[in-house]
Amino acid sequence: MRVNTKLLPNSNLGWFCLGICLQATILKIGTKIPGIYGTAFSFLFLLVSLLLFLPPKLTKPFERKMFYAILASFFFLLFADTNQISNPRQPNPTFRNFLREELQKSPLSPFETRIVMGLLTGSTKEIPRDFKELAKESGILHLFAASGLHLGIFIGSLQFLGNLIFIKHRWISILISLGFGFLYLYVLNFPVSFVRAYLFVFLTLVSSLFYRKIAVSDLLIISSAGIAFFLFSDFLSIGFLLSFGAVFGIFYLKPSLDQMIFPNSKSLWKENLTLTTVCSLCSFPILVYYFQSFSYGGVWINYCLVPLAGILLPSLYFTLLIQIIIPNDLYSIVSEYLWSPACFFTSIFLKFFKSIALTERAYKIWQGETLFFILLSVILIFSIWLLHRFEWHKKKFLSRIVTTIVILFFPFSYWLNRSFALPFVFQQGKGFFTLALRDRFYLFGNCSRHKRMELPILVSPIKQILFESESCLQTVLRLRKKHNLSEVIWYDQTASPFGNLMAKEGIQIKTSNHLGGDISPSFSLFRFDGNPKRINSLIRSLKETERERSQNNWTGYLVLDFPPWKKKEAKDWITYQKLLGISNAWKILIVEDQFEIPLLHNHTNPNLL
């Protein structure tokens, strides 16, 4: 594979695939635009006309390249299936059950078995929810998703064995590696990052059989075109962008950083440092744009754990391979010795991850505009590429400036706080939302032990936490200790047995009032989960709050957060509001109508009130 800094393709096939990528991008972005196909055809005919009628001196340098790109665009419009539905890709059930049966024979603990299942199948559904949340905040969730790391190690292991066996017939080793790699891809149900990695390996190894090298730009564009044509639903998806973004950083940014950071060093530690940095930098704008979050601690956690995963995965592959091929009678004798390396590396991986992930993951969630950070990261990415493209890295002054900016970017974007207007509503998912006003933090609904919560960044620092559910005790106690808060109020409507214990811990207990009645003189907000045992208490609190705050500019809000099977009942509350004894001074809101729940179940909605 020939590494260069050109973004445009070098070969005719590359230009053909570039046409597919451009046409697929237009259709993906303009899916909901009426007449997008007709517009695309018209534009292509216009390009053909320009090539035919413009003077040859202007069109000759681009004639062949443009011809291939236009031909590919027509080809894509005519034959590609652009009506694919994007569904979660889960591993083949037969393979999943087979792998589970094999792992049950191992001396691994049940928890370690689930972690190994997640590593080998690339499915986060295999790992425990609390571990998944910790991995997400630590920035290593990609280790439990089928990615280029897994396929590279898998095919690399097969290549190592094949080259030892077929010393004089290297092509046999390559064919065997590609065959088993495709089988692995098939049983995992073609996840997009795995498809990208397989196309990379296939193109690189096949070109090496014919003693040719393929340019990086061709490799990226041909792989993208393959996904666009055969897996259009996954084209430009989050997984696609993260996978190709990381590879773009490795191919185009890492050579530049290698020559700017310790240029005379060739150590593995330095290689791992620049690799982790460029992958984190290129994934930053994508993660911040789609999820409004980023794990800054994940930069150094990946620096430590990815090499360890590179040792753990081959040991698991080899151990399972030997376990499958040896007879059962012999396996019962050698099982403990066979699994010793894999068990050791699995234990080391988990203990090391726990020791570094529980210290400080520096996981940041933005509760507002993130465009500034996204643009800054994109400018920095292309600045590093331009340095290498035009060999500006040889100028020490420019090289030192860019290196300094790269080093300061992550701490700068982490510590830079922005203030936002109040009130501020942050929705974590159905059954739970928070409201921050002045120096108070209101926590409505139930807290999940699988989702860690942090206090929002506001003009005035939070000094008081008010909550209503016993499930939030652990979260509240953690936040109080972390931020040194002196005042915490629990609106306990269920007479919890933990009340007396929490009162001794300094938490104020209120049993007669509902949370949200005294938010401000201008409005009150209650949440109701549909529990029939609390209806009378709710109606009484609504009337008392309305009587106490009868001024003209006061407004009351009642948020109905019913279970899914009671969604129809929630709408009946609006229809029969007066019959239920609720005056028109209260505005009833249904949580599904106000909060849009995206991929990670967090959404900022500052206009709710």
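**Notebook: aromatic rings and nonpolar groups**

I began with Y186 and noted that, at 47% relative accessibility, this residue counts as partly exposed, because the partly exposed class runs between the buried limit of under 20% and the exposed limit of over 50%. I keep in mind throughout that this is a predicted model.

I then looked up F190, which is also partly exposed, with a relative accessible area of 26%.

Turning to ring pairs, I found that the structure holds 44 aromatic pairs. One of them joins Y186 and F190, whose ring centres are 6.2 Å apart and whose planes stand at 80°, so I entered the pair as edge-to-face. I also noted a cluster in which ring pairs link F16, F75, F76, F79, F229, F230 and F232.

F76 came up again when I turned to the interior, since I wanted to know which residues have the most contacts inside the largest nonpolar core. That core has 118 residues, and the ones with the most contacts inside it are F76, F144, F284, W339 and F349. Setting aside neighbours within four places in sequence, I listed the contacts of F76 as I20, Q23, A24, L27, T82, A228, F229 and F232. Apart from this core I recorded another, of 19 residues, including F467, L479, L485 and W490.

Last, I looked at the surface, where F390, W392, F397, L398, I401 and I405 make a nonpolar patch of about 570 Å². From this patch I picked out I401, which is found in helix α16, spanning residues 396–415. I401 has a relative accessible area of 36%, so I wrote it down as partly exposed.

Technical notes
Residues numbered from 1 in each chain as written. Predicted model: local features only at pLDDT ≥ 70, side-chain atom pairs only at ≥ 80, totals over all residues. Heavy atoms only, no water. Core = buried A, V, L, I, M, F, W, Y, C linked by side-chain atoms within 4.5 Å. Buried < 20%, exposed > 50% of the residue type's maximum accessible area, 1.4 Å probe, protein only. Contact = heavy atoms within 4.5 Å. Patch = residues over 30% accessible without salt bridge, like charges linked within 9 Å, V, L, I, M, F, W, Y side chains within 5 Å. Areas by Shrake-Rupley, 256 points an atom, 1.4 Å probe, with all protein chains shown as cover. Salt bridge = Lys/Arg side-chain N within 4 Å of Asp/Glu carboxyl O. Helix = DSSP H or I, 4+ residues; strand = E, 2+ residues; numbered from the N terminus. Phe/Tyr/Trp six-rings, centres within 6.5 Å; stacked < 30°, edge-to-face > 60°.
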